[in-house]
Amino acid sequence: MRITCPYCGARGLEEFTYRGDATVTRPSSTDKSVMEDWVDYVYLRDNPAGLHKEFWQHSAGCRAWLEVARDTTTHEIVAVELAAKER
């Protein structure tokens, strides 16, 4: 699998580190009333089949954080863009 870094161009998978699901939203409150939301955020993840957005870091290159849209059944990469600074 090759990922195209916006800064460095197409590179092999071994230069990148998977950093997690890019669709998960962090709870906005630290109040105890939303503790269940925090448990879900930290521990529960879906395992989707098909198109999915993921965070990857170009760890052996420019160190940029990327948001990669990848088909989890074929590993085809549909899109790569720089990860947003705020979520």
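**Cysteines**

I began with the cysteine pair of this predicted model. The sulfur of Cys5 has its closest cysteine sulfur in Cys62, at 3.6 Å, which is too far for a bond. I checked the pair from the other side and found that the closest cysteine sulfur to that of Cys62 is in Cys5, again at 3.6 Å and too far for a bond. A disulfide would need the two sulfur atoms within 2.5 Å, so I recorded zero disulfides.

I then looked up the exposure of each partner. Cys5 has a relative accessible area of 2% and is buried. Cys62, at 33% relative accessibility, is partly exposed.

**Nonpolar core**

Which residues make up the largest nonpolar core? I listed seven: Ile3, Cys5, Phe16, Trp56, Ala64, Leu66 and Val68. Strand 1, residues 2-5, supplies at least two of them, and strand 5, residues 65-71, likewise supplies at least two. Cys5 thus appears in my notes twice, as a member of this core and as the buried partner in the cysteine pair. I noted beside this entry that nonpolar side chains tend to be buried together in soluble globular proteins.

**Trp56**

I next asked which residues Trp56 touches, leaving aside those up to four places away in sequence. Among them are Ile3, Phe16, Ala64, Leu66 and Val68, each of which I had already entered as a core residue. Trp56 also touches Met1, Leu13, Thr17, Tyr18, Arg19 and Trp65. I placed Trp56 itself in strand 4, which spans residues 51-57.

**Fold and overall values**

I turned to the chain as a whole and counted one helix and six strands. Read from the N terminus, the order of elements is β-β-β-α-β-β-β. Along the principal axes, the C-alpha atoms fill a box of roughly 45 × 25 × 20 Å.

Of the 87 residues, 29% are buried. I took the accessible surface as about 6,200 Å², with 49% of that area belonging to carbon and sulfur atoms. For contacts between residues at least 6 apart in sequence, I noted that 45% join residues at least 24 apart.

I also looked up the charges. The chain has 11 positive and 14 negative charges, and their mean positions lie 8 Å apart.

**Helix 1**

I located Val39 in helix 1, which covers residues 35-43. Is Val39 buried or partly exposed? With a relative accessible area of 38%, Val39 is partly exposed. I then compared its place with that of Ala69: the two are 30 residues apart in sequence, and their C-alpha atoms are 26 Å apart in space.

**Positive phi values**

Last, I looked up two residues other than glycine that have a positive phi. Arg63 has a phi near 70° and lies in the loop between strand 4 and strand 5. Its relative accessible area is 49%, and I entered Arg63 as partly exposed.

His75 has a phi near 65°. I found His75 in the loop between strand 5 and strand 6, the latter being residues 77-82. At a relative accessible area of 46%, His75 is partly exposed.

Methods. Residues numbered from 1 in each chain as written. Predicted model: local features only at pLDDT ≥ 70, side-chain atom pairs only at ≥ 80, totals over all residues. Heavy atoms only, no water. Helix = DSSP H or I, 4+ residues; strand = E, 2+ residues; numbered from the N terminus. Buried < 20%, exposed > 50% of the residue type's maximum accessible area, 1.4 Å probe, protein only. Contact = heavy atoms within 4.5 Å. Areas by Shrake-Rupley, 256 points an atom, 1.4 Å probe, with all protein chains shown as cover. Lys, Arg positive; Asp, Glu negative; His and termini not counted. Charge placed at Lys NZ, Arg CZ, Asp CG, Glu CD. Core = buried A, V, L, I, M, F, W, Y, C linked by side-chain atoms within 4.5 Å.
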